[in-house]
Amino acid sequence: MAVPLFNRKPLAWDSADLDADTREMLATLQPNILRSHVREHLTVLLLRFAVPADGRRFVRALAPLMKSAGTHLEEIRRFSRYGIRGTPYIGLGLSRSGYRHLGHEISDLRKFGDLAFQEGMKKRGRILDDPPSHEWDAAYQRDIHAVVIVADADAAAHRRVLARIRALVPPEARVLGEETGVAQRDKAGEGIEHFGYAHGRSQPLFLADQVVKEPAHDWNPFFPLAQILVPDPLAPDPGRHFGSYLVFRKLEQNVRAFQQAVQDLAEALGLSEARAGALLVGRFRNGTPLHLNPEPHPDGWAVRNDFRYGGDSGGRCPLSAHIRKANPRDGLERGVMMARRGQTYGVRTDQPWDDAPPETRPTCGVGLLFMAFNASLETQFEFVQQSWVNNPSYPAENTGPDPVAGQGPREVPTRLPEAWDAPVARAIARLPQTVTMRGGEYFFVPSLAYLRQI
Ligand code: HEM
């Protein structure tokens with residue numbers, strides 16, 4: 001039986017009735033795609049091979065260290081039942097030129113159907129309003145062939161496996177750059193991003209044991225596997241061996257400018273800073289959706305994700321708010337949802353979650369290593385970035401750009417409601433761009449079956 005890519009039911013990966021093809025898919029898929037892997041300590045290595053021989057030697061040595069999605073899911077279960085910790089995550093992605101440098105012919109590369117992957121992020125920057133690539137961090141200005149992601153909950157285990165992987169890099173190959181993810185947490189220990197907001201909450205879910213835990217009266221968190229998986233065209237059996245397109249972007253956050261914009265907005269509209277910030281993000285810092293509540297709700301409500309915007313024309317949650325621009329939840333555009341797997345980077349001496357004044361906040365050196373898995377870079381990541389978050393006329397004329405993730409000109413001011421549940425959003429504000437793209441690339445994260453036979 002073929003892998004059920006379009007099933008209307010979440011995947012019961014642990015079912016005794018699971019067919020052989022799906023078992024093979026899970027045994028050869030890389031982890032962190034179907035379900036996020038813990039990545040408290042994370043390193044991203046950006047590699048460039050000199051000749052096919054060194055690239056292939058590296059992949060051959062790395063593949064035996066990598067676990068599968070199936071093993072990852074078993075590890076999560078063992079941890080929740082018996083408290084036994086899992087093994088580190090090692091992920092490998094290859095860019096188009098990476099495949100070329102492993103010795104693949106153009107005819108092989110044509111088998112990847114995604115135009116964005118074929119062209120690479122530098123070329124696509126034009127349509128994404130990215131800064132020109134000569135302004136990117138040096139590592140990203142080069143042609144990156146492979147990305148290796150190493151992550152674990154435990155610092156020592158992460159260090160050990162990273163040292164092992166570094167030792168595998170052949171002398172002819174080059175580590176062009178290295179990014180270090182540093183998890184940020186609020187007072188309650190919840191994961192946050194650098195502007196201080198709960199992060200990683202709204203995700204497409206694929207697995208039965210995850211979906212069953214989520215209330216789904218208004219928003220259905222279940223998505224079919226076809227949302228993020230595609231047959232690996234170069235694997236021995238693309239009908240059973242799958243991969244996913246990974247978008248990787250280093251997004252620097254100017255925390256001082258963002259907090260200053262929040263303070264200015266609060267003063268201009270006579271609001272609390274908590275509410276002013278929520279108007280930009282669409283959630284309060286503790287994750288309470290602005291659509292559901294005018295104030296940050298104590299526990300319980302904070303992480304709610306079961307809502308749609310219904311008839312709200314921006315009076316509760318502005319049409320421009322980050323989470324509304326990036327996912328309008330109108331039921332029509334579910335196909336664009338990506339599986340976001342990013343991590344914050346950069347070390348802070350202040351506390352991102354407290355109320356310290358803007359001038360004490362960092363202006364650079366901290367941000368988000370944005371990573372997301374897609375079945376199509378063009379119709380998922382690029383569509384969201386170009387047609388929604390950057391587009392001041394989405395979802396209506398004069399909406400303004402997304403104040404968090406939007407790039408490009410800021411000629412159109414942002415419309416904001418003067419009071420919660422006001423019938424029409426009218427107050428307008430010009431909000432600065434506080435997130436800057438520092439570089440990135442598109443990769444394909446192949447099946448382990450491909451990596452093992454290279
Ligand atoms: C959600 C912050 C960049 C797409 C969120 C949330 C926060 C956040 C705080 C709400 C919590 C959650 O559901 O995770 C940021 C920051 C960014 C950034 C600080 C840049 C530094 C991006 C980019 C995209 C994006 C570039 C896509 C192009 C999304 C999506 C959601 C989300 C799809 C879920 C919306 C929903 O389903 O309600 N982000 N984000 N984000 N973000 Fe971002």
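User: Which are the buried residues of H12?

Analyst: Arg275, Ala276, Gly277, Ala278, Leu279, Leu280 and Val281. The model is predicted.

User: What makes helix H12 largely enclosed by the rest of the structure?

Analyst: The count decides. Helix H12 covers residues 273-281, and seven of its nine residues are buried, so the helix is largely enclosed. Each of those seven falls under the 20% limit for relative accessible area.

User: What covers the buried residues of H12?

Analyst: The cover includes H11, H13 and strand E12 (414-416). Just after H12 comes Gly282, with a positive phi of about 100 degrees.

User: How do you know which residue is the protein donor of the iron atom of the ligand?

Analyst: By distance. His322 places NE2 at 2.1 Å from the iron. The donor limit is 2.8 Å, so NE2 qualifies. His322 is the only protein donor. It lies in helix H13, residues 322-326.

User: Which polar side-chain contact does His322 make with a nitrogen atom of the ligand, and what makes it count?

Analyst: A polar side-chain atom of His322 lies 2.8 Å from that nitrogen. The limit for a polar contact is 3.5 Å, so the pair counts.

User: What polar backbone contacts reach oxygen atoms of the ligand?

Analyst: Gly200 has a polar backbone atom 2.7 Å from a ligand oxygen. Arg201 has a backbone N or O atom 3.0 Å from a ligand oxygen. Both values are within 3.5 Å, so both pairs are polar contacts.

User: Which residues around the ligand come nearest, and which elements give two or more residues to the shell?

Analyst: There are 26 residues around the ligand, and Gly200, Ser202, His322, Asn327 and Arg329 come nearest. E8, H13, strand E11 (367-374) and helix H14 (378-389) each give two or more residues to the shell.

User: How many aromatic pairs does a search of the whole structure find?

Analyst: It finds 17.

User: Why is the pair of Phe117 and Tyr245 called tilted?

Analyst: The ring centres are 5.5 Å apart, within the 6.5 Å limit, so the rings pair. The planes meet at 55 degrees, which is neither under 30 nor over 60, so the pair is tilted.

User: What parts does the pair of Phe117 and Tyr245 tie together?

Analyst: Phe117 is in helix H6 (residues 115-119) and Tyr245 in strand E8 (residues 242-253), so the pair ties together parts 128 residues apart in sequence.

User: Why does Phe117 count as buried or exposed, and what about Tyr245?

Analyst: Phe117 has 1% relative accessibility, under 20%, so it counts as buried. Tyr245 has 4%, also under 20%, so Tyr245 counts as buried.

User: Why is the pair of Tyr197 and Phe258 called edge-to-face?

Analyst: The centres lie 6.3 Å apart, within 6.5 Å, and the planes stand at 85 degrees, over 60, so the pair is edge-to-face. Tyr197 is in the loop between strand E6 (191-192) and helix H10 (208-211), and Phe258 is in helix H11 (residues 255-269). The two are 61 residues apart. Both rings belong to buried residues.

User: Which residues form one aromatic cluster?

Analyst: Tyr99, Phe112, Phe117, Tyr245, Phe444 and Tyr450.

User: How do you know that the charged end of Lys250 sits over the ring of Tyr345?

Analyst: The charged end is 5.1 Å from the ring centre. The distance limit is 6 Å, so that part of the test is met. Arg334 lies over the face of Trp219, at 4.9 Å from the ring centre.

User: What makes the peptide bond from Tyr394 to Pro395 cis?

Analyst: Its omega is near 0 degrees. Pro395 lies in the loop between H14 and E12.

User: Is Asn32 buried or exposed?

Analyst: Asn32 has 3% relative accessibility, under 20%, so it counts as buried. Its phi is positive, near 80 degrees, in a residue other than glycine. Asn32 is in the loop between helix H1 (20-28) and strand E1 (41-48).

User: Why does Asp421 count as partly exposed?

Analyst: Its relative accessibility is 42%, between 20% and 50%, so Asp421 is partly exposed. Asp421 also has a positive phi, of about 70 degrees, and is not a glycine. Its place is the loop between E12 and strand E13 (427-429).

Terms used:
Residues are numbered from 1 along each chain as its sequence is written. Side-chain values use heavy atoms; hydrogens and water are left out. Donors are N, O and S atoms within 2.8 Å of the metal (3.2 Å for Na, K and Ca); water is not among the atoms, so sites may look incomplete. Helices (H or I, at least four residues) and strands (E, at least two) are DSSP runs, numbered from the N terminus. Rings of Phe, Tyr and Trp (its six-membered ring) pair if their centres lie within 6.5 Å; planes under 30 degrees apart count as stacked, over 60 as edge-to-face and the rest as tilted. Buried means under 20% relative accessible area, exposed over 50%, partly exposed in between (1.4 Å probe, protein chains only). A charge sits over a ring if NZ of Lys or CZ of Arg is within 6 Å of the ring centre and within 35 degrees of the ring normal. Contact means heavy atoms within 4.5 Å. A residue is near a molecule or strand if one of its heavy atoms lies within 4 Å of it. A polar contact is a pair of N or O atoms within 3.5 Å; within protein, one must be able to donate a hydrogen and the other to accept it, and residues adjacent in sequence count only if both atoms are side-chain atoms.
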